[in-house]
Each structure stands twice: as C-alpha cells, then as structure tokens.
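Work through these exercises with the sequence and the model at hand. Try each task before reading its solution.

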Amino acid sequence: MVPDIGRGSRTHGLLVYLYGPGRREEHTDAHLVGSWDGFAPDPGRDTSPDPDPKVTLARLTAALDLRVKQAGDRAPAKHVWHCSVRTAPGDRHLSDEEWNTVAQRIVQATGIAPNGDPDGCRWIAVRHADDHIHIVATLVRGDLRHPRMNYDFNRAQAECRRIEKEMGLRCLNAGDGTAAKNPTSAEKFKAERTGRTGTARETLRDTVRQALAGVDDEKEFFTQLREAGLRVKVRTAPSGDLLGYNVALPGDRNRHGEPVWYPGSKLAPDLSLPKIRLRLADCPGVRTTPSSSDGRPDWSAPARARRSATGIAERAADLLDSEDDQEAAAQLVGAGELLDALAQTSPAATRAELVAAARAFERATRSHIRAEHAETRALRSAARSIVQAGGALGRGEDGGTTAMLLSTLVLLTLAAAHWHSARNHAQQAHAARLTAQHLRTAYHHAASTSLRALNAEGRALPETARRAHQDTIRTALSETGRRAEHSAAHADALAATLAQAEKAGHDPKSLLQQAVAMRELDTAENVNDVLVWRLRHLANLSAHPAEPSRVRRAGTTASPATHTATTHTTAEPRHRPPRR
C-alpha cells in the first residue's frame, strides 16, 4: 500500500479532477467512501430528486473550505492536503467500507483528524478506481488553528505498513528517508505527451550520475555535464564562490517557455554540490589508468580497463564482509560509479540492461550509514579508466572481459543485498537483488560467444586429457560437499580452461582449488560457468579463447571472487569516445 502526499491551494480544482473522467478516461464511478462526519455531499451519488453534479460539487467545496474562509489570512497558503493511497499490484480489491477504514486511520495517524478530537480538520475520501482512493483535507481545524503534521509522510507510510499486515495485503518494503524523489504525476504525463521513454527527472538523474563517474574535480564534472548535452546553470555567492548547480534537458520547457531546471539535490540526496564536493575531496587523484600489466599490451584499452576493474570489484565484495560499516558503505558508492561507467561505455546489446542495473543500484548506494569516501578510491579509479578507455566492442577480448567483469559485479551486488538485509535496509536490499537480475541478463549477451568457443575447444580435447580434467573438477568440488556437474552447461568450457591454464604453466589442481575456495558457490546459477571465469582471471588467460593466453608472472596473484551468472553476445560498434 503506497501513500503519495502533496499540497495545493485549489480545493475546487482538485475535486473537479477527482470527479471528472481523468486524463485518459480512466476514472469510473467516482464517489465518496468516507468523510469527516459521514454526511458530506457526494457529487457522484447524489440522491436528491433533481441532482446536479456541479451544484453538489460546489456544496462539497464550500463545506471543505468553510474553516479556511473563517480563518482568513491565518489560513495557510497551500491549505489543501491531498494523499492518494494505492494497493500494490496483485492485491485484492478492497470494499468501500475497508477503504473508509484506511482513510480514517491515515488522517488520524498524520494528525489531520486525531481520534476523538472534535476540532479535527475536514476531509473526504474519493474512490474512482478499484485499486486506490484520494484523501482530500483542508488544513484548518475547528478552533481555526493549524494541525500538527510533522513527518506526515513517514506517519502515513508507517500506518500503511500496519494496515497491510492487518488486512492481509502485500507487505511492501519500508523506506528510511534516503531514497531519491519519485517523479510527480505531472512529470509522468508530460513524458507520455512528449514521447519520452522516461521523465525529465529520471533522465537527468542518470546523466548526472554518469557524468560524475570517475571525475577528478568539479571542473571536470561540469564539463562532462555539458558534453552530455545538458543545460547547466550554476549558483554563485556575491564573493564568487559556487553554491550549487541546476540542470535541464534541452527542449524541456514550462508553459512560459522557460527551461525546467532541477537542482542536483532534488535529483538525489547525494547529487547536491556539497555532497559531490565531499566525495571528490575525500577521494582525490583518481587519474590511474590501466597499463599493459593488466593484460597483453596488444589488447584494447577497454579490455585492459575491464580486466583491471574485475580484480578491484572482487576486493570490494570481500570488504563488504568486514565489520567496518562505513568502509562497506563506501564500497557501495564506488560500485555505483563503476556501474555508471560501464553503462555509458557498453555496446548496444547490453546497454539497456546495464543502464537499468545502474539505475536500480542507485537506491542501494544510500542508507543512514555514512560512507567513508576515501575507501572508494580504487573503484572510482576503475570507473575512470573504463570511461577514459571509451566504448567496448561486443566481441573478441572486449566482449570476453566485459563478461568477466559482469560476472564479478553479480557477486558484488548479491553481497550488497546480503549486507543491506543484515541491517534491515529492505528497499536497498531489494534494489541490489534487482540489479543482479539486470546484470545476469547483460552477462548472457556478453558471454555467449566466448563460452561457445570454449565448449567447442573442450569437446575437441583428447579423451584422456578430458577425463583427467573432469577428475580434477570432481575432486575439487567434492571437498566442498558439491558434486561435479559434468552434464550441465559449460562443463566442456571448464575442462578447456583447465587445459589452457596447464599449457600456460599452472597446476590445474591447485588453481581450481584456489578458484573454488575464493567465495561461496551457493548463489551460482551454474557452478561450471562461475569457475570458468574465476580460473581465467586467476591464470590471466585471455577472456576470449580465440586469442593466445599470457602466463601470469611468478609471485602475482589475483584477489578472490565469486561469479554468479550464465551466457550470449552481440557485436556492436563503439558508441562513446574516451574522455580527453
């Protein structure tokens, strides 16, 4: 059950909308289900001998505004309190009597009309659909004082959680006040009218986050905003100091033909200029770029950047298991930047899912636990390297390293979900799990070509070598209480990877034991698939089997990781140039 609260100054205008046909003829059988005294006139079901809905609507408006007019100048400028209450998809339809109970409990909980208070505000509840009602109240009490309505939204949310349990409805995740503001109804209708896929608020939020990914200072941040095509307006003090910024989409104008500006703080709490400055100040000097040590020198810059980011993401997942909550929270912030960087440089085949993943994980980056931003340096450096390297192709080593990184990011987001769940961050945990679903889908597209070639290579192995590697796999997994999945997908790919590792000078048995022991395998969709990428990263094998592998130098090791995903790939041209 979801409450949505707003305030206005036109009682009659709101009632005309509620009793009207709606913007898309979606309103049906509009009528009252409750009111402050149970006897308010109902324009939808007027039982008088000669009913006139307009006259009844005027009477209802006058009754609601009576105390507002009596208060005169003492009445608040925005005296109309409007709260829509909607059941979750899949919930049963409530009766009018049940909706009346819901309305009464919400106006009592929010302080509109406290239980037993004869001077409570006047209110009505209108129903014009099966799944929701609209509560309208005027904010002047019978004694002409203003109601005490501190934290009315939080109180309405808490009451809805109790109503859900008592009425057997779907229990939604409770918020903690750290979520970004949702688009308004007007913004949604404007997006539909103009043919945009999302609202201006959501588009700007995504673009600002992508511009922030890996930047080194404020100047670079504002440069990235302008290069992304946004209109930028900065606010300065008389001294010339920068106070804040506003952004607008080109062509997005109000009724007066003026740009519709959004302050950064209204896009998301952590996109205000002071919060951005704090992030940049705590984590200076992120100019690190991947070198040839991150792979063969002839590999492309995007491939080397993604391979380097894989190891950094593995370490971030390990840090989520630490007891330092501020350090762990910082890893989530850095992971969000890494996803933003990956989304803006990905090929078209995976771009939609990665943009959706970055947008979903945005909610998981914020909680009441303050992040120690200095701990995000490695992840921010990885994000910067990916953006500077430019767009990756969806084939060859680019595609293989993208799949390798995506499988690690699935691990990282599932670890984030576990971290949030342990701290009762319900919305953040749900967002992290949703992110993992999007990443798995993107992984299916990115990995299929490489895994298909590996499976073919595994089937072509001599029978004796193939059986020897299968015995190695069976032994390593049996030590953890798991059975080898020879009949599962990518069993041949795993055998081929062990053969390549052996050819590159590694001991297959010890390398596989190291891969199995890195992290748990319980969340893996396919254990063979997970181990393929762990082994290829540990042994520094080419992510795309068509290219020769490179032996890891003696004494170098890779950080533990877990990979939880499966298979597919499409080649696409690069779509974004590297940062200069």
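**Exercise 1. Place the helix that covers the middle of the sheet.**
Task: find which strands helix α2 lies across, and its angle to β5.

Solution. The model is predicted. Start at helix α2, residues 53-71. This helix lies across β4 and β5. Its angle to β5 is about 45°. Now take helix α4, residues 152-167. α4 lies across β1 and β3. Its angle to β1 is about 155°.

**Exercise 2. Order the strands of the five-stranded sheet.**
Task: write down the strand order of the five-stranded sheet and name its edge strands.

Solution. Step one is the order: β1-β3-β5-β4-β2. The sheet is open, and its pairing is antiparallel. Step two is the edges. β1 (2-8) and β2 (31-35) each pair on one side only, as edge strands. Step three is the twist. On average, neighbouring strands are turned by 20° against each other, direction ignored.

Next, go through the pairings. β3, residues 80-86, meets β5 over seven bridges in the antiparallel sense. W81 has A137 in β5 as its bridge partner. On the other pairing of β5, four bridges join it to β4, residues 123-127, again antiparallel. Here I124 stands opposite V136 of β5. β4 and β5 form a hairpin, with four residues between them. Finally, β2 and β4 pair antiparallel over four bridges. In that pairing, G34 stands opposite A125 of β4.

**Exercise 3. Read the two faces of β5.**
Task: decide how many residues of β5 are buried, and sort them by the way they point.

Solution. Strand β5 spans residues 132-138. Seven of its seven residues are buried. Sort them next. H132, H134, V136 and T138 point one way. I133, I135 and A137 point the other way. Both groups are buried.

**Exercise 4. Classify a residue in β3.**
Task: is S84 buried or exposed, and which residues does it contact beyond its sequence neighbours?

Solution. S84 belongs to strand β3. Its relative accessibility is 15%. The cut-off for buried is under 20%, so S84 counts as buried. Then list its contacts, leaving aside neighbours within four places in sequence. They are V2, P3, D4, I133 and H134. I133 and H134 point opposite ways from β5.

**Exercise 5. Describe the packing of α6 and α7.**
Task: give the angle, axis distance and handedness for α6 and α7, then classify the pair.

Solution. Two packed helices are described by the angle between their axes and the distance between the axes. Helix α6 covers residues 200-212, and helix α7 covers residues 218-227. They pack at about 135°, with axes 8 Å apart. That angle makes α6 oblique to α7. The crossing is right-handed. Now list the contact. V208, A211 and L212 of α6 meet F221, Q224 and L225 of α7. By class, the contact has five nonpolar residues, one polar and no charged.

**Exercise 6. Fit α6 and α7 to the three-stranded sheet.**
Task: give the order of the three-stranded sheet, and say which strands α6 and α7 lie across.

Solution. The order is β6-β7-β8, in an open sheet with antiparallel pairing. β6 (231-236) and β8 (262-263) are the edge strands. β6 pairs with β7, residues 242-248, over six bridges in the antiparallel sense. R235 stands opposite G244 of β7. Now add the helices. α6 lies across β7 and β8, at about 125° to β7. α7 lies across β6 and β7, at about 15° to β7.

**Exercise 7. Analyse a second helix pair.**
Task: what are the crossing angle, handedness and contact residues of α16 and α18?

Solution. Helix α16 covers residues 463-478, and helix α18 covers residues 508-517. Their axes come within 10 Å and cross at roughly 40°. The two helices are therefore oblique to each other. The crossing is right-handed. From α16, the contact uses H469, T472, I473, A476 and L477. From α18, it uses P508, K509, L512 and V516. The class count is six nonpolar, two polar and one charged.

**Exercise 8. Step back to the chain.**
Task: how many helices and strands does the protein chain have, and what share of its residues is buried?

Solution. The chain has 19 helices and eight strands. Of its 580 residues, 54% count as buried. Then turn to contacts with a separation of 6 or more. Residues 24 or more positions apart account for 74% of these.

How values were computed. Residues numbered from 1 in each chain as written. Predicted model: local features only at pLDDT ≥ 70, side-chain atom pairs only at ≥ 80, totals over all residues. Heavy atoms only, no water. Buried < 20%, exposed > 50% of the residue type's maximum accessible area, 1.4 Å probe, protein only. Pairing = 2+ DSSP bridges. Axes fitted to C-alpha atoms, helices over the stretch in contact; angles between N-to-C directions. Parallel < 35°, antiparallel > 145°, perpendicular 65-115°, else oblique. Left-handed = near helix turned anticlockwise from the far one by under 90°. Contact = heavy atoms within 4.5 Å. Nonpolar A, V, L, I, M, F, W, Y, C, P; charged D, E, K, R; others polar.
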